[in-house]
Amino acid sequence: MPAELVCFEPGCRTRFAVTEVIYNCPRCGGLLETDYPEWRSDAEQVKAVWRARRTCNMPLDQSGVWRYREIIPFVENLDSVISLREGNTPLLAAPKAAAYGGLDRLVFKHQGFNPTGSFKDNGMTCGVAQARRLGIDRVACVSTGNTSASMAAYAAAGGLEAFIFIPHGNISFGKLAQALEYGARTFQVQANFDQILALVRVLAERLGIYLLNSINPFRIEGQKTIVVEMLDQRDWSVPDWIVLPGGNLGNTSAFGKALRELKQWGFIQKVPRLAVVQADGAAPFFDLYHAAQRDRLNAVAHPETLATAIKIGDPVSWPKALKEVSESLGAVERVSEQEIADAKAVIGKSGIGCEPASAATLAGIRKLTATGIIRHDADVVAVLTGNLLKDPEYIYRYHTGQLEAPDGNAIQSTFCNRPVVVPNDPEKIAALL
Ligand code: F0G
């Protein structure tokens, strides 16, 4: 199945070999995506093969990414693949969260069940496969923490050298700890995510290091399988809405591409609407989507949010995300720090839990149902992007009344569950129970 890279800009669409080491179109600077012009298969047969692979013990069939390899056929030789059994993440019904969000029912696709605890693993297994296929043994990324944790793990497993650049003091310890433990060379840069991305792009080019940020089109391929697996788990019943948080907007781009291709190739007859939720202090895509002219994104120079995973002011993938969200007749919402914190506690009280950025989904749903954009009886899947344990400090502060927004305002612990210090005395403890 020949794969090509194609410029995403409608006025350019120049094509390049899939083996070229490029991240933007050399002609016009546009974003790149993979394309499979000769893709032809019987969708129903492919669905049956995918289902049968679930019972197979072959490592690639056990991966919730490579099980769906017909939809991401960019490597000819699967020997370059490193799998940590990524994907395979559950759909979890969450009635309490549904009620809070103003919905009759709500299902979470919980990407925090991935090997390094976030959806980045779906994409990273593909990005690392491409690096190995190209014969490049040094990889780099800038990250708000999850991409770096994931890249460090896959690079270590695949024998690649990993260089990680993170905004100093602005990622959670859980994520930083992962990068260190997986053995990546880690640089804490005194700059924000957007500034560091520009820096890393220069370094990668100068030193011949392969860049594994979500601008890398092969990572986007892997993240498509989040949607494919979700539809497979739903026996191909298409939801009305898919809701996800937006940072650099790679995931939004991946979901849109997956749905476009699945429709074009006959797997589904209609596409769900995409709703993207951003934090108030880092919401340039919200501003763009609601502007009179949607032709240029105005970057937020100093993004601020406690949901550090989505603390991004200048999202590189905005042109792709804009097309995908508008063509799906979707929506873009923004939510406050208080709304994220409370939604997160509700997801926790549902026995599910997630990291702050992921909770933006439920906070956004609550607003979108209040305004009638999402109907209360809609069939909604929200994607929880990261595991609860990624950022325990945030949780401890919330439940002990110590969480402060970046502007210094206290966040109310609406659903507070304060730990109680007690003496070693059964009588006194019994009195409290
Ligand atoms: N949720 C989590 C938990 C994330 O880590 C990220 C992005 C997003 C949502 C937003 O996804 O960028 O595709 O729109 N984290 C990146 C990182 C930026 O470096 O780990 P997006």
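**Exercise 1. Two leucines with positive phi**

Task: Locate Leu249 in this predicted model, and decide whether Leu249 is buried or exposed.

Solution. Start with the position: Leu249 sits in the loop that runs between β10 (241-245) and α9. Next, look at the backbone. Leu249 is not a glycine, yet its phi is positive, about 75°. Finally, check the accessibility. The relative accessibility of Leu249 is 2%, and the cut-off for buried is under 20%, so Leu249 counts as buried.

Task: Do the same for Leu329: in which loop does Leu329 lie, and is Leu329 buried or exposed?

Solution. Leu329 belongs to the loop between α11 (318-327) and β12 (331-335). Its phi is also that of a non-glycine residue with a positive value, here about 55°. For the last step, take the relative accessibility of 59%. Exposed means over 50%, so Leu329 counts as exposed.

**Exercise 2. Helix α5 and its surroundings**

Task: Work out how the span of α5 relates to the expected one, and why α5 can be called largely enclosed.

Solution. First, the geometry. Helix α5 covers residues 146-158, which makes 13 residues. From first C-alpha to last, α5 reaches 18 Å, close to the 18 Å expected at 1.5 Å a residue.

Second, the burial. Among the buried residues of α5 are Asn146, Thr147, Ser148, Met151, Tyr154 and Gly158. In total, 11 of the 13 residues are buried, so the rest of the structure largely encloses α5.

Third, the cover. The elements over these buried residues include the helices α4 (120-134), α6 (173-181) and α8 (217-233), along with the strands β6 (138-142) and β7 (161-167).

Fourth, the end of the helix. Gly159 follows α5 and has a positive phi, near 70°.

**Exercise 3. Val227 in helix α8**

Task: Find which residues Val227 contacts, leaving aside its neighbours within four places in sequence.

Solution. Begin with the setting: Val227 is part of helix α8. Its relative accessible area is 0%, so Val227 is buried. Now list the partners beyond the local sequence: Ile242, Phe255, Ala258, Leu259 and Leu262. As a distance check, the C-alpha atoms of Val227 and Ala254 are 8.7 Å apart, with their positions 27 residues apart along the chain.

**Exercise 4. Two residues of strand β3**

Task: Describe the surroundings of Leu32 and of Asp35, beginning with the strand that holds them.

Solution. Leu32 lies in strand β3, and Asp35 is in that strand too, which spans residues 32-35.

For Leu32, the relative accessibility is 0%, so Leu32 counts as buried. Its contacts, with neighbours within four places set aside, include Leu5, Val6, Cys7, Phe16, Ile22, Pro217 and Lys320. The C-alpha atoms of Leu32 and Thr14, 18 residues apart along the chain, are separated by 9.4 Å.

For Asp35, the residues touched beyond four places in sequence are Pro2, Ala3, Glu4, Val6 and Arg15. With Arg15 there is also a polar contact, side chain to side chain, at 2.8 Å.

**Exercise 5. Cavity and pockets**

Task: How many cavities of 30 Å³ or more does a search of the whole structure find, and what lines the largest cavity?

Solution. The search gives one such cavity, with about 320 Å³ of space. Its lining has 27 residues, and those nearest its centre are Phe119, Lys120, Gly247, Asn248 and Ala309. Helices α5, α8 and α9 (250-264) each supply at least two lining residues, and α9 has the largest share, with three. Sorted by class, the lining holds nine nonpolar, 15 polar and three charged residues.

Task: Characterise the largest pocket and the second largest pocket in the same way.

Solution. The largest pocket holds about 340 Å³. Of its 17 lining residues, Gly169, Leu306, Thr308, Asp391 and Glu393 are the closest to its centre. Helix α14 (residues 392-399) supplies the largest share, four residues. The classes are six nonpolar, five polar and six charged.

The second largest pocket has a volume of about 260 Å³. Its lining includes Val21, Tyr23, Pro26, Ile136, Arg201, Glu205 and Leu211. Helix α7 (residues 193-207) gives the most, three residues. Here the lining divides into eight nonpolar, two polar and two charged residues.

Notes
Residues are numbered from 1 along each chain as its sequence is written. This is a predicted model: local features need pLDDT of at least 70, side-chain atom pairs count only at pLDDT 80 or more; totals for chains, interfaces and linings use all residues. Side-chain values use heavy atoms; hydrogens and water are left out. The expected span of a helix is 1.5 Å times one less than its number of residues. Buried means under 20% relative accessible area, exposed over 50%, partly exposed in between (1.4 Å probe, protein chains only). Contact means heavy atoms within 4.5 Å. On a 1 Å grid over the protein atoms alone, a cavity is a set of points where a 1.4 Å probe fits but cannot get out, and a pocket is an open set with protein on both sides within 12 Å along at least five of seven lines; lining residues have an atom within 4 Å of a point. Grid points are joined across faces, edges and corners, and a volume is the space filled by probe spheres set on the points. Ala, Val, Leu, Ile, Met, Phe, Trp, Tyr, Cys and Pro count as nonpolar, Asp, Glu, Lys and Arg as charged, and the others, Gly among them, as polar. A polar contact is a pair of N or O atoms within 3.5 Å; within protein, one must be able to donate a hydrogen and the other to accept it, and residues adjacent in sequence count only if both atoms are side-chain atoms.
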